[in-house]
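Me: Could you take me through the surroundings of the ligand in this model, one contact at a time? I'd like the cut-offs spelled out as you go.

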Amino acid sequence: MDRTTNTVLSLPSKHSARSHFEKERERLVTDIIQNLNSALKEIDQLNKNFESAIAMGDQFDRIAELWREFGTIIAPPDLCQNDDPANSGDDTFEIEGSVDVVDPPTVEKYRPVYLEDVVGNEEAVMRLTVMAKEGNMPNLILTGAPGIGKTTSILCLARALLGSAYKEAVLELNASDDRGIDVVRNKIKMFAQKKVTLPSGRHKIIILDEADSMTPGAQQALRRIMEIYSNTTRFALACNISSKIIEPIQSRCAILRFGKIEDAQILRRLIEICREEKVQYNPEGLQAVLFSSDGDMRQAINNLQSTWSGFGYINPENVYKICDQPHPAIISAMLECCQRAEVSKALDCVVGLWHQGYSAIDIITTMFRVVKGHERLSNDTKLDYIREIGFTHMKIVDGMQTLVQLSGLVARLCKVTMSASDFEF
Ligand SMILES: Nc1ncnc2c1ncn2[C@@H]1O[C@H](COP(=O)(O)OP(=O)(O)OP(=O)(O)O)[C@@H](O)[C@H]1O
Ligand SMILES: [Mg+2]
C-alpha cells in the first residue's frame, strides 16, 4: 500500500479540524474558570484565616492587659510549655487573684481614651492637645499627686499622635518592669534604634511611668540616648516627685505639672459614673466620697465602687465605714468644743476615735482637712489651729504616734480661743 496516499487520507477535513480546535478552546476556558473559582475560594479562606488571626491577636492583647491588671495568667498548654498533666487538654485560662474578669474595675472602665475626656488640669491638657494636633511632641515630664490623670494623659497623647501605629511605636515601662541601667542600655536603646514607618513628623514614644522610682544610675544612662535618638524617638516621663528626676533629664524635657482635681469636677465625673452604673446615692454620700478622696480622682472612683459593692447605697455612713477614715462630723464637733474651750468634751471625742482604732496620722490629717473647710471658724482661728496641727503632725510623722500628742494638741487648740480671764481662779 502507498504510504503517502494513506497519510493524506487520514488527514482530518478543514471542518472537523476547526470543530476540534473549538472544543479544545472550550475545554481550556472551562478549566481556567474552574481554576479561577477554586483560587477565589482559597483567597476567601485565606481572608477568613487572616481575620481570625487578627481576632486572636486582639484576644492576646486583651489577655496581656488583663495580666497587667489582675495578676498571673496560667496560659493553656498549647500556648506555652506546660508539664502539668492536670492541665492538659484544658483550653480555658485560669486567672489567679481575679474574681470577676469580665467586669474591669470602675477606674479602668472609666479611664479616658481621648484627651478631651481628661477632667481638670485644663492648662496642661490644652498643651498636650496642641502637641497632639501639631504632631511634634517634645520630651515630657508629667508630675503631680497620685490619681489625677498623668498616665492617662500620656496614653491619650500617644494614641492621638500614633493612631494605629500605637502598638508598634510605643514602649511603655512602669515601676513593675525592671528599669535598671541594663534595661536602659538594652531594651530602651534597642527600641530607640528600631525602624518603624510612621507618618511624617511623628516619633516613636517611650513612656517611663513612675519615673521617680528609677535609680539615678539608670536615669544617667538615659541622658545621651535621649539626645542621640531625638530624631526618631521621644520620651514621656510621669512621676509624683519631680525632684527625684535628675537635673540633666529635667533640662531635656518640658515639665507639665498636674494639680489635684477640683471637687466640682470630680463630682461631675462621679455623677456620670453613677448614672451609667445605676448607682444609688444621696448628695451627702457623694460629698463624703469627695472629702475622703481629697482631689484624687482614682481614690474617689474606687471609694464609690467599694461603697456601692459593699453596701449598695452611697451615703456618708457607708462611705466612711468603707474608707476607714474618722467621720468628719465627729472631728467638726470636737473643734467646736475646742472653740468653746470645753476641754473634757473635746478630749472625749479624740479618745473615742482613738479607741475605735484610728491612728494618730488618720486623726490629724482629717483634722487638718476639716479645719481648712470649716465654715463656722473665723480665719484667725483657722490660722492658729492649722499652725498647731502642723507642729503636732511633724511630731507624729517623726514617730510620736501617741494619744498624749493628740491630747496635747486638743489642749492647745482650746487655749487658742481662751482669754487671760479664763485662767484666773
Ligand atoms: N483627670 C482625670 N480625668 C478622668 N479620670 C481620671 C483622671 N485622673 C484619674 N482618673 C481616673 O483614675 C485612674 C487613674 O489615673 P492615672 O493612672 O492617670 O493616675 P496617675 O496620675 O498616673 O497616678 P499615679 O501617680 O498614681 O500613677 C484612671 O483610670 C481614671 O479612671
Ligand atoms: Mg500613673
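Reply: An oxygen atom of ligand 1 sits 2.8 Å from a side-chain N or O atom of Asn240, a polar contact in the sense of a pair of N or O atoms within 3.5 Å (within protein, one must be able to donate a hydrogen and the other to accept it, and residues adjacent in sequence count only if both atoms are side-chain atoms). Thr152 brings a polar side-chain atom to 2.5 Å from a ligand 1 oxygen, while Gly147 uses a backbone N or O atom, at 2.9 Å. As for cover, the protein takes up 95% of the 630 Å² of accessible area that ligand 1 has on its own (Shrake-Rupley method, 1.4 Å probe). Two elements, α5 and α12 (297-311), give two or more residues each to the shell; helices here are DSSP runs of H or I with at least four residues, numbered from the N terminus.

Around ligand 1 there are 19 residues, and Val107, Val119, Lys150, Thr151 and Thr152 come nearest (a residue counts if one of its heavy atoms lies within 4 Å). By class, the shell splits into ten nonpolar, five polar and four charged residues, with Ala, Val, Leu, Ile, Met, Phe, Trp, Tyr, Cys and Pro as nonpolar, Asp, Glu, Lys and Arg as charged, and the others, Gly among them, as polar.

Some bookkeeping: this is a predicted model, where local features need pLDDT of at least 70 and side-chain atom pairs pLDDT 80 or more, while totals for chains, interfaces and linings use all residues. Residues are numbered from 1 along each chain as its sequence is written, chains are lettered from A and ligands numbered from 1 in the order written, and side-chain values use heavy atoms, leaving out hydrogens and water.
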